[in-house]
Amino acid sequence: MADSVNQDASYEEEHVHSVYEQIASHFSSTRYKPWPIVERFLTELPDGAVGADVGCGNGKYLGVNTKVFIVGSDRSSNLIKIAKQHHPHSAIVADNLSLPHPPSSFDFAISIAVIHHLSTPARRVEAVKAILTLLRPPTRDRAGSGGKALIYVWALEQKDSRRGWDEGHEQDVMVPWVMKGKKEKSQKPTKGVRQTAEEMVREEPAKPTEDKTFLRYYHLYKKGELENDVIEAGGKVMESGYEKDNWWAIVGNKV
Amino acid sequence: MKLLTLNFLTCAIKSCKSTPASFPLHPRDAELEIVEADLNILFLKNILPRLMWDELRVIGSELGLPELPSTPPTREDLVEPSTTAIAAPTSDGTRDAGEEEEEEIPTQTAKDLHRVLLETCIKEGKLVCGNCGHEYKVLEGVANFLLPGHLV
Ligand SMILES: [Zn+2]
């Protein structure tokens with residue numbers, strides 16, 4: 001068991017983490033607009049709320065609301081060096097299955113385009129559980145009063161995207177990230193690889209480099225799969241939906 | 001890494017997290033730096049009830065910072081009284097939060113709190129778990145909580 005867990009972790013190390021570490025600066029220079037659901041979730045938080053951004057990447061969502069306090073975390077220290085510049089928030093290097101936060105301490109959490117990088121069903125459920133553990137539990141008499149988390153994953157059903165995946169396609173895929181020179185034109189954020197590139201224009205454009213292709217592992221979620229994972233993790237789905245090739249769910253703990 | 005972060009950090013090892021000794025993490029061999037930031041009174045007021053004050057005092061003294069008061073400041077302690085009067089409700093009872101924020105002048109207490117929590121940063125050093133003794137490195141202002149395989 002421990003061996004297979006280590007195998008899964010090292011698979012992800014090779015096909016997810018080391019790729020992000022290498023493409024960090026490029027990733028951060030590409031264009032981006034926040035996804036509306038994420039933006040809405042963050043801007044509707046009460047002032048002074050404290051939360052976690054699990055798998056924050058370069059911290060693109062740390063800029064959305066400066067009236068709350070967010071501790072962002074990511075496995076890539078190159079991405080965190082960029083993320084930590086977002087005042088008043090903080091950013092640390094951590095694994096989403098071993099988060100260094102006291103349990104039940106946050107009002108909210110977001111985990112955007114992260115848990116689809118975990119390579120087994122058990123690890124994806126564990127990742128949801130780790131997010132639920134961060135949240136303040138609801139008070140007994142008021143359902144929905146506890147902390148809530150927004151989870152966002154790539155959908156299998158995206159036949160209108162450049163990739164064209166849809167129902168019936170293999171769900172575990174390797175997706176290329178092509179690192180090109182700065183001449184590369186930005187595409188609509190709804191299409192293709194660009195859509196998973198969570199970047200902002202704040203940084204200087206990347207210096208031209210030779211084209212290089214990196215492959216990242218993704219699990220593409222079927223309709224209903226994210227909700228099932230949340231329930232299996234012991235949580236409650238408060239709201240869920242589909243936005244631009246992604247499934248999302250707002251989740252919390254049971255009373 | 002700003003000190004406020006330590007208010008929300010514990011050991012990454014699962015069996016440690018629920019033990020009281022794992023919070024707060026203890027800075028060791030820490031090199032501090034001041035990273036200036038705009039003071040936001042509303043932010044400070046809002047974060048006040050979330051602060052684990054006694055633990056922050058421990059961290060402050062371990063870092064050799066000027067001693068924090070024994071009790072946490074109140075919201076009122078953060079605003080100069082004259083400006084509080086201006087921000088009082090108007091005759092029709094309305095009150096604009098945005099205006100209130102703009103008109104308030106921070107007290108020395110607010111400035112000190114801002115300095116400690118948001119501007120004082122650990123640049124290099126370690127954060128040590130009081131329960132298991134595991135050390136997490138801070139390099140170039142970034143704390144790293146990745147665990148070696150056998151501790152996961
Ligand atoms: Zn520990």
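Select A:Glu126 and B:Lys14 to begin. In this predicted model, their side chains form a salt bridge, with 4.0 Å from N to O. Between chain B and chain A the count of salt bridges is two.

Next, look at the helices and strands of chain B that take part in this contact. Three elements of chain B each give two or more residues to the side that touches chain A: α1 (14-17), α2 (41-47) and β4 (142-143). Select α2(B) among them: with four residues, α2(B) gives the most to that side. Now colour the residues on this side of chain B by type. They divide into 18 nonpolar, six polar and six charged.

Stay at the interface and show residue pairs in polar contact across it. Eleven such pairs, with both residues at pLDDT 80 or more, are counted between chain B and chain A.

Now go to helix α1 of chain B and select B:Lys17, which is placed there. Is B:Lys17 buried or exposed? B:Lys17 is buried, and it has no salt bridge. The nearest side chain of opposite charge is A:Glu126, 8.9 Å away. A:Glu126 is the residue from the start of the tour, where it meets B:Lys14.

What does the side chain of B:Lys17 have beside it instead? Turn to A:Leu99: its backbone oxygen lies 2.7 Å from a polar atom of the B:Lys17 side chain. Then show the other residues that B:Lys17 touches, leaving out those up to four places away in sequence. From chain A they include A:Ser98, A:His101 and A:Pro103. From its own chain they are B:Thr10, B:Cys11, B:Ala12 and B:Ser22.

Zoom out to the whole interface. Select the 30 residues of chain B that are in contact with chain A, and the 32 residues of chain A that they contact. The two chains bury about 2500 Å² between them, and 62% of that is on carbon and sulfur atoms. Which three residues of chain B supply more of its buried area than any other three? Select B:Phe8, B:Arg50 and B:Leu146, which supply 23% of the area that chain B buries against chain A.

Last, hide chain B and show chain A as a cartoon. Chain A has five helices and nine strands. Follow the chain from the N terminus and the elements run α-α-β-β-α-β-β-α-β-β-β-α-β-β. Of the 255 residues in chain A, 58% are buried. Now show contacts in chain A between residues at least 6 apart in sequence: 69% of these contacts join residues at least 24 apart.

Definitions and conventions. Residues are numbered from 1 along each chain as its sequence is written. Chains are lettered from A and ligands numbered from 1 in the order in which they are written. This is a predicted model: local features need pLDDT of at least 70, side-chain atom pairs count only at pLDDT 80 or more; totals for chains, interfaces and linings use all residues. Side-chain values use heavy atoms; hydrogens and water are left out. Contact means heavy atoms within 4.5 Å. Buried area is the accessible area (1.4 Å probe) that two parts lose on being put together, summed over both. A polar contact is a pair of N or O atoms within 3.5 Å; within protein, one must be able to donate a hydrogen and the other to accept it, and residues adjacent in sequence count only if both atoms are side-chain atoms. Ala, Val, Leu, Ile, Met, Phe, Trp, Tyr, Cys and Pro count as nonpolar, Asp, Glu, Lys and Arg as charged, and the others, Gly among them, as polar. Buried means under 20% relative accessible area, exposed over 50%, partly exposed in between (1.4 Å probe, protein chains only). Lys and Arg count as positive and Asp and Glu as negative; His and the chain ends are not counted.
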